[in-house]
Amino acid sequence: MAFSAFATGTAKEQAPRRKSKIALLLLLPGILYLMLFFLVPLVSLVITSFQQPVPYGDIGEFQNAFKWENYVDVVNTYGEHIFRSFAYAILATIFALLFSYPLAYFIGVKARRWPLLQNLMLVLVIAPFFISFLLRTLAWKAILSDESFVVTGLKALSLMAPDAHFTGTPAAVIFGLTYNFIPFMTLPLYSTLERLDTRLLEAGSDLYAKPAMTFFKVTVPLSMSGIVSGVLLTFIPAAGDYINASRDFLGGTGTQMIGNVIESNFLVTLNYPAAAALSIILMAVILVMVTVYVKRSGTEDLL
Amino acid sequence: MGASALLLAACSTGAPQAPEAATDKSDSQKTLRFDSRDTYRNTTGEDFPLLEQFSASTGMAVTYTNAVSDDNVYYGKVKNQLKMGQDIGADASVLSEWMAARWIRLGYVQQIEHDKLTNFANLRLIFQNAQFDPGRRFSLPWRSGFTGIAWNKAALPGGLATVSDLWDPALRGKVGVMSAMRDTLGLIMLNAGVDISSSSWGDAEFTTAVNTLRDQVSSGQIHAIKGNKYKEDLKSGATVAAIARAGDIMQINQEAGDQWAFALPTAGGVLWSDVAVIPIGSTHRSNAEAFINYYYDRQNAVRVAAATSFISPVDLRQPEIGTIPQELSRNEMIFPSEATFTSTKTFRTLSQGEEQRYGAQYQSVLLGAS
């Protein structure tokens, strides 16, 4: 499983000692691929982000320049959206972790005695992924719409104001993000918890540690690599997501994220430098946050 | 988002140079690729016998697609080929007028040979010219419709008469508007007494309209600003009133029972049009002209209008209109009288500077930015 790749730190030990020409040759397609589809677009993105409009040019016409003010402009105009994106992504990651950990623990540890149940539950976690991301989000839009049984039920119980909406609110967007990224959190957690040595938990209780202490002192540190992988796999795409927050899905004008701003600047107003500058800012902030997070959690081997 | 697209965008610098039209191979190649709208209904139903008839009579193989789901997305896909004068995979594309105006301005379309368009004279006079294309040298009207106000008849038995009625506090959180700028702001500006078709208005009038919209969004009066999905909100009851297109309301009335009413506001409605253009890289210009000319035939045009519920650019008269059911032929939203036409206005063509400024201003409302 691809996710288990995140959970191992033994790559160094397995590395060949001698430099082999064949190995370099085998690496060549991968390097070329990365050059062509990662490095070149990245460089062009940086170049675009500094471009300025062609004097008297038409809409969408820009020329190379070093207009660093583009960055100041987008931060001034869309600072709120940048902040909102990361706030939503952090909340969605926390909720996904809180939801996924018990689930992964149950599948990986408690259900070991019943392999059939274990496999069935894993399939249930992955199964929604057989359906398109867009369709799943649309389905939630229908479930959470004003006339749905969920909202009418909440209103009947006076838990929601009669004229309140759920779609179009931050809660709906965070809910959508959490839901859509739960498998990305659950699977890496499962792959580490599956290998958890339960004798260590017994040792914890033998040494008079309460279950909570055993959990925080033994289980959590042992599953840290899974937590870090899950958090990265959830947080990074969630911060750049533009489907959930879209006005046509779960969001509204007050919940637009940085992805929506990039989409609008790129497709509608054809302000490519602004779209590029926002993309670079998004990448840079994610990179900084992820580096700090990984350093803090003591799992640098992952990078 | 396509980084490679940004790469191409990054490469596209310098002063614009209009590409040259591709050589027409219509004489030897009897094919036509026609990119139309996905919002047009019945493109697989009643509309198609006509297509088959055309193919049978001319021996031309027509590939009719619904590729233009959104003007901006379509433009994003093809603009780099257009800039280089390459084939975009379509011999004719149906675009909104404002997008066609941009293509014409940038030299991305081929000039139409009017000698071949024997039925052009059948068009209503108002469609024979356009602000952005005097004499229709580069664009041909395809379908039109009205934008006005719609409401749920059960929720609002008294109906609505003006755009200001949408701002009634009793409708707070129950109003939907379209994300299409010229539809929504067009109606708001008409409501403010601005003649949207004339060049007498400018930044001040536009900004006032944007601010009106912004206020109604931030106060919670407007529930949502959506693309085609605004009609889903009407259907579900999330909104009970909306700025809407007549064709969309006819469609949801057909789908979910006759529950909604549509009216042109007393201050005037918006007349929108889609036009067909021949992209610069098309090698089948004459074939495209022959196809469009076929649809300009009066008898064919009345069939298309009846099947699709859109206004035909063709001046339809009694002999042809008499061939369809009377109830349908009396529908002013499909077969409008001169009086109805006069009560609507077309949003004027914006200069490229205005297009940039106004587009950014309008998007800031949609994005909730200040």
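## Helix 14 and the A–B interface

Just after helix 14 of chain B comes B:Gly368, which has a positive phi, near 70°. The model is a predicted one, so keep that in mind as you look around.

Let's start with the helix itself. Helix 14 of chain B runs over residues 352-366, 15 residues in total, and spans 21 Å from first C-alpha to last, close to the 21 Å expected at 1.5 Å a residue. Its buried residues include B:Glu354, B:Glu355, B:Tyr358 and B:Tyr362. What lies over these buried residues? The cover includes helix 5 (181-191) and helix 6 (203-218) of chain B, along with helix 11 (258-268) from chain A.

Now for the place where the two chains meet. Here are the main numbers:

| Item | Value |
|---|---|
| Residues in the contact | 40 from chain A, 40 from chain B |
| Area buried between chains A and B | about 3500 Å², 59% of it on carbon and sulfur atoms |
| Salt bridges across the interface | two |
| Residue pairs in polar contact | nine (both at pLDDT 80 or more) |

On the chain A side, helix 11 gives the most to the surface touching chain B, with eight residues. Sorted by class, that side of chain A has 16 nonpolar, 15 polar and nine charged residues.

Which side chains meet in a salt bridge? B:Arg105 and A:Asp58 do, at 2.5 Å from N to O.

How values were computed:
Residues are numbered from 1 along each chain as its sequence is written. Chains are lettered from A and ligands numbered from 1 in the order in which they are written. Side-chain values use heavy atoms; hydrogens and water are left out. Helices (H or I, at least four residues) and strands (E, at least two) are DSSP runs, numbered from the N terminus. The expected span of a helix is 1.5 Å times one less than its number of residues. Buried means under 20% relative accessible area, exposed over 50%, partly exposed in between (1.4 Å probe, protein chains only). Contact means heavy atoms within 4.5 Å. Buried area is the accessible area (1.4 Å probe) that two parts lose on being put together, summed over both. A salt bridge is a side-chain nitrogen of Lys or Arg within 4 Å of a carboxyl oxygen of Asp or Glu. A polar contact is a pair of N or O atoms within 3.5 Å; within protein, one must be able to donate a hydrogen and the other to accept it, and residues adjacent in sequence count only if both atoms are side-chain atoms. Ala, Val, Leu, Ile, Met, Phe, Trp, Tyr, Cys and Pro count as nonpolar, Asp, Glu, Lys and Arg as charged, and the others, Gly among them, as polar.
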